[in-house]
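Here's a quick briefing to read alongside the structure. Take a moment to look it over, then use the notes below to find your way around.

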Amino acid sequence: MRVIAVRTLKEFWERPAHRDAEQPLRAWYAEAREADWRGPKDIKSKHLSASILGDNRVVFNIKGNKYRLIVAVKYDFRIVYIRFIGTHKDYDAVDARSV
């Protein structure tokens, strides 16, 4: 998959409070780049805790569910757009379906 807005991940893990997210996010990114997700079931087969939402949104639990990553997936084009990364508290303050 082609991952768009990787800079968002980097900016997140460079914050002092989120430095522990760097390795888990790098691992997620490496796996996503190698993936060939044709639909939500392909994601769920590898990421059982991922939440599939409407409008092709997927929520991944990062670092043992300490952080939440929201992506929008365009399966036909094999593109993953990073839409949000934050703590659970940050996640609770956004609408995952429209962020």
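**What helix 2 packs against**

The buried residues of helix 2 pack against strand 1, helix 1, strand 3, strand 4 and strand 5. Keep in mind that this is a predicted model. From here, let's go through helix 2, the sheet, helix 1, the cores and a couple of loop residues.

**Helix 2**

- Helix 2 has 13 residues, and from first C-alpha to last it reaches 18 Å, close to the 18 Å expected at 1.5 Å a residue.
- Which of its residues are buried? In helix 2 they are L25, W28 and A32.
- Those buried residues cover an arc of only 60° around the axis, so they sit on the same side of helix 2.
- An α-helix has 3.6 residues a turn, so residues three or four places apart point the same way.
- Flip to the other side of helix 2 and you'll find Q23 and E34, which are exposed.

**The sheet**

- There are 5 strands in an open sheet, running in the order 1-5-4-3-2 with mixed pairing.
- Strand 1 (2-4) and strand 2 (51-52) are at the edges with a single partner strand each, so one side of each has no neighbour in the sheet.
- At one of those edges, strand 1 pairs with strand 5 (residues 79-87) in the parallel sense, over 3 bridges. If you want a spot to check, V3 is opposite V80 in strand 5.
- Strand 2 pairs with strand 3 in the antiparallel sense, over 2 bridges. Here I52 has V58 in strand 3 as its bridge partner.
- Those two strands make a hairpin with 4 residues between them, where D55 takes a positive phi near 60°.
- Strand 3 and strand 4 are also an antiparallel pair, this one over 6 bridges. V59 has I70 in strand 4 as its bridge partner.
- Strand 3 and strand 4 form a hairpin too, with 4 residues between them, and K63 in the turn has a positive phi of about 55°.
- How many residues of strand 3 are buried? It's 5 of the 6, so strand 3 is largely enclosed by the rest of the structure.

**Helix 1**

- Helix 1 (residues 6-13) lies across strand 1, strand 4 (67-74) and strand 5, and runs at about 20° to strand 5.
- L9, F12 and W13 are the buried residues to look for in helix 1.
- Looking down the axis of helix 1, you'd see its buried residues fall within an arc of 90°, so they line one face of the helix.
- Those buried residues of helix 1 pack against helix 2 (22-34), strand 4 and strand 5.

**The nonpolar cores**

- The largest nonpolar core has 24 residues, and the members that touch the most others are W28, W37, F60, L69 and V71.
- Helix 1, helix 2, strand 3 (57-62), strand 4 and strand 5 are the elements giving two or more residues to this core.
- Which element gives the largest share? That's strand 4, with 4 residues.
- Apart from that core lies another one, of 6 residues, including L53, I70, F84 and Y91.
- F60 makes a handy landmark: leaving aside neighbours within four places in sequence, F60 is in contact with W28, W37, I43, H47, A50, Y67, R68, L69 and V71.

**Two loop residues to look at**

- H18 is in the loop between helix 1 and helix 2. Is H18 buried or exposed? Its relative accessible area is 11%, and buried means under 20%, so H18 counts as buried.
- Not counting residues up to four places away in sequence, H18 touches F12, W13, Y67 and T87.
- N56 is in the loop between strand 2 and strand 3. At 35% relative accessibility, N56 counts as partly exposed.
- What does N56 contact, leaving aside its neighbours within four places in sequence? The contacts of N56 are V71, A72, V73 and Y75.
- N56 and F84 are 28 residues apart along the chain, and their C-alpha atoms are separated by 14 Å.

How values were computed
Residues numbered from 1 in each chain as written. Predicted model: local features only at pLDDT ≥ 70, side-chain atom pairs only at ≥ 80, totals over all residues. Heavy atoms only, no water. Pairing = 2+ DSSP bridges. Contact = heavy atoms within 4.5 Å. Axes fitted to C-alpha atoms, helices over the stretch in contact; angles between N-to-C directions. Buried < 20%, exposed > 50% of the residue type's maximum accessible area, 1.4 Å probe, protein only. Arc of directions from axis to C-beta. Core = buried A, V, L, I, M, F, W, Y, C linked by side-chain atoms within 4.5 Å. Expected span 1.5 Å × (residues − 1).
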